[in-house]
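This report describes the sheet and the surface of one protein chain. The sequence and structure come first, and the description follows.

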Amino acid sequence: TFSANAELADWSIDFGEESLSFARLGSATDVVMSEWGIATGTFDLDISDAHLTTPAGTALGWSSLTASAESTLDDDKLAGSMAVDVSKLRGERGINDRYRRARATGLDARYLGPVLRRVNSAAADTAGLAGASREQADIEMRKLLSAGAGMSIDEFRVVTVHGEAVATAELQLPAAERLLSWPGLLLALQGKADIGLPVALFDAMPGLAGQLQPLIAAGFLRRDGERYVL
């Protein structure tokens, strides 16, 4: 088991091309390692008045950021949820507020453990995955999804000067008796999504408009008054 509480105030670090500063950071962690090698429990984070500069020269900042995550195990099935709220996020796209709520259910711990370990290993290896490792990672991911899983985005909301963009989604993969291919997983997938995007926000962000153009061309994303909806 691992429990920790931390608080930092008036903290900054400067590497020349990149820097980070914030007025306050608070975090709380309370986790326990399961028999499957997966940590479950809770995590909370709060960072206020932050300023970040990346090596590319991009400047970001926010008034407050709060994040929380929780995971539980019921026998060999894992469920988890997370929430992230950012107030007065400042970046290349102006100032906005962002709110996110997401959940995952029914993940098989037998197959989730190897996937998580593979992700951690890949993150630590700058050379990336070798061919054999990529093939094994593909099998491990398909085993996890073939065992059944559910995911939902209960809230995704961005508030800007051009209006409010909102989205929700719910995806479900029923458990299969065999290892499915990627086309098989797509065919088995059940889901629904609702998206609303102000026309003014769409017009103010050419990059976003370009990314969504295929959805418009296919008729999924359509204009309804002053909003695009899916």
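## Strand pairing and an exposed loop

Strand 1 and strand 2 are paired in the antiparallel sense, over 12 bridges. The model is predicted. Within this pair, Glu7 stands opposite Gly26 of strand 2. The two strands make a hairpin with 4 residues between them, and Gly16 in the turn has a positive phi of about 90°.

The loop between strand 1 (2-14) and strand 2 (19-33) also holds Phe15. Phe15 has a relative accessible area of 58%, which is over 50%, so Phe15 counts as exposed. Together with Leu8, Trp11 and Ile13, Phe15 makes a nonpolar surface patch of about 370 Å². Strand 1 is hardly covered, as 0 of its 13 residues are buried.

The wider arrangement is an open sheet of 11 strands with antiparallel pairing, in the order 1-2-3-4-5-6-7-8-9-11-10. Its edge strands are strand 1 and strand 10 (222-224), each of which pairs on one side only. Neighbouring strands of the sheet are turned by 10° against each other on average, with direction ignored.

Two of the antiparallel pairs are set out below.

| Pair | Bridges | Residues opposite each other |
|---|---|---|
| Strand 1 and strand 2 | 12 bridges | Glu7 and Gly26 |
| Strand 5 and strand 6 | 12 bridges | Arg90 and Ile95 |

In the second pair, strand 5 covers residues 77-91 and strand 6 covers residues 94-108. Helix 1 (residues 109-124) lies across strand 4 (59-74), strand 5 and strand 6, and runs at about 130° to strand 6.

Methods:
Residues numbered from 1 in each chain as written. Predicted model: local features only at pLDDT ≥ 70, side-chain atom pairs only at ≥ 80, totals over all residues. Heavy atoms only, no water. Patch = residues over 30% accessible without salt bridge, like charges linked within 9 Å, V, L, I, M, F, W, Y side chains within 5 Å. Areas by Shrake-Rupley, 256 points an atom, 1.4 Å probe, with all protein chains shown as cover. Salt bridge = Lys/Arg side-chain N within 4 Å of Asp/Glu carboxyl O. Buried < 20%, exposed > 50% of the residue type's maximum accessible area, 1.4 Å probe, protein only. Pairing = 2+ DSSP bridges. Axes fitted to C-alpha atoms, helices over the stretch in contact; angles between N-to-C directions. Contact = heavy atoms within 4.5 Å.
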